[in-house]
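Welcome, and please get your viewer ready. We will go from stop to stop, selecting one thing after another.

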Amino acid sequence: MEGVNQSVVSEFVFLGLTNSWDMQILLFVFSSIFYVASMMGNSLIVFTVTSDHQLHSPMYFLLANLSFIDLGISSVTSPKMICDLFRKHKVISFRGCVTQIFFIHVIGGVEMVLLIAMAFDRYVAICKPLHYLTIMSPKICILFSVASWIVGFIHSLVQLAFVVNLPFCGPNVLDSFYCDFPRFIKLACTDTYRLELLVSINSGFMSVGSFFILIISYIVIIFTVQKHSARGSSKALSTLSAHVTVVVLFFGPVMFFYTWPSSTHLDKFLAIFDAIVTPFLNPVIYTLRNQEMKMAMMRVFSRIMGYRQIIKHLTCEQKFIVN
Ligand SMILES: *[C@@H]1O[C@H](CO)[C@@H](O)[C@H](O)[C@H]1NC(C)=O
């Protein structure tokens, strides 16, 4: 990272979310619980989908991919935020800051493509059910997950390439609890207007664009469902409402960050949503209302319990033999 040499600033200081003691305790409890819960929930989904053969279908593979990426979302910013809450002096190194920005955008890009792939999957399943297995072949699924990572990396690197060599010489205080473009660029001691525009266009366009693609595809699906049958429609509608909830929760704050001039404090509180709440809600929304997933989790649990019984049994026998 050559850019570090040119800069006088070698670390950044976060102002954090609040100075009020009560709010800090509240945030600490709230974020720790959500963080642990989302790590457990998402790991459980990845584990269940990969180990249960009845869930080996495109929809669940994509869901497991989403859960995997959610593990990353929760881990990029929130552990540091939680550790920093009670610190007076919240610092992050230049490298740490750039690393956070890099992963936030890789993960954001992956998540966007995965959500579009999931919408496409539901579109094919509902609107072209006879061709579902040929269209959503294992090859296509792998293509979607590989493409999501490629898009994520390119999206992130393109923006970072312009930013990493910026000179930082003056103030190094970020009014936030994590590093991201709009505030980071503003600290550079050069005219950053064009860079800010680049980020707004890249991240803003990507998030607004994906949001509209998703909303339009869900509207098409809902119309198709209603035209066809009343019987199948209630189940489809409940699946779709789960997807739409996730999409709105994820894109709402993101679109706000990159398209709104960040002069308010609102965005750093909205950021908590994307850092902590959304990754927790995904497993809740997708599993609690999904009978198939619940059954699979039960099977996985009973299998683990079963193993434990067998192991207990074996150790008993061993003891018996040794004695
Ligand atoms: C992601 O999707 C691919 C393609 O379907 C699948 O092979 C892979 O197991 C999934 N990854 C996870 C972590 O579930």
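Before the first stop, a word on sorting residues: Ala, Val, Leu, Ile, Met, Phe, Trp, Tyr, Cys and Pro count as nonpolar, Asp, Glu, Lys and Arg as charged, and the others, Gly among them, as polar. Keep in mind, too, that this is a predicted model.

**The ligand**

Select the ligand and the residues around it: Phe 61, Ala 64, Asn 65, Cys 141, Ile 142 and Ser 145. How do the residues of this shell divide into nonpolar, polar and charged? Four are nonpolar, two are polar and none is charged. Now show the side chain of Asn 65, where a polar atom lies 2.4 Å from an oxygen atom of the ligand. If you display surfaces, the ligand taken alone exposes 360 Å², and the protein buries 73% of that. Colour helix 3 (58–84) and helix 6 (138–163) next, since these are the elements that give two or more residues to the shell around the ligand.

**The whole chain**

Zoom out and switch to a cartoon view. You should find 11 helices and three strands. Walking from the N terminus, the elements run α-β-α-α-β-α-α-α-β-α-α-α-α-α. Along its principal axes, the C-alpha trace of the chain spans about 70 × 65 × 40 Å.

**The sheet**

Select the three strands, which make an open sheet in the order 2-1-3 with mixed pairing. The edge strands are strand 2 (90–93) and strand 3 (173–174), and each of them pairs on one side only. As a reminder, strands of a sheet pair through backbone hydrogen bonds, either parallel or antiparallel.

Which way does strand 1 pair with strand 2, parallel or antiparallel? Their pairing is antiparallel, over four bridges. To see one of these partnerships, pick Phe 14, whose bridge partner in strand 2 is Lys 90.

Then turn to the other neighbour: strand 1 (residues 11–14) and strand 3 run parallel and are joined by two bridges. Here, select Val 13 and look for its bridge partner in strand 3, Val 173.

**Across the sheet**

Add helix 4 (residues 94–127) to the selection. Helix 4 lies across strand 1, strand 2 and strand 3, and runs at about 80° to strand 2.

**A serine in helix 2**

For the last stop, go to helix 2 (residues 21–51) and centre on Ser 32. What does the side chain of Ser 32 reach? It reaches the backbone oxygen of Phe 28, at 2.5 Å. Leaving aside residues up to four places away in sequence, Ser 32 touches Leu 27 and Ile 82.

Definitions and conventions. Residues numbered from 1 in each chain as written. Heavy atoms only, no water. Pairing = 2+ DSSP bridges. Contact = heavy atoms within 4.5 Å. Axes fitted to C-alpha atoms, helices over the stretch in contact; angles between N-to-C directions. Near = heavy atom within 4 Å. Polar contact = N/O pair within 3.5 Å; in protein donor to acceptor, adjacent residues only side chain to side chain. Areas by Shrake-Rupley, 256 points an atom, 1.4 Å probe, with all protein chains shown as cover.
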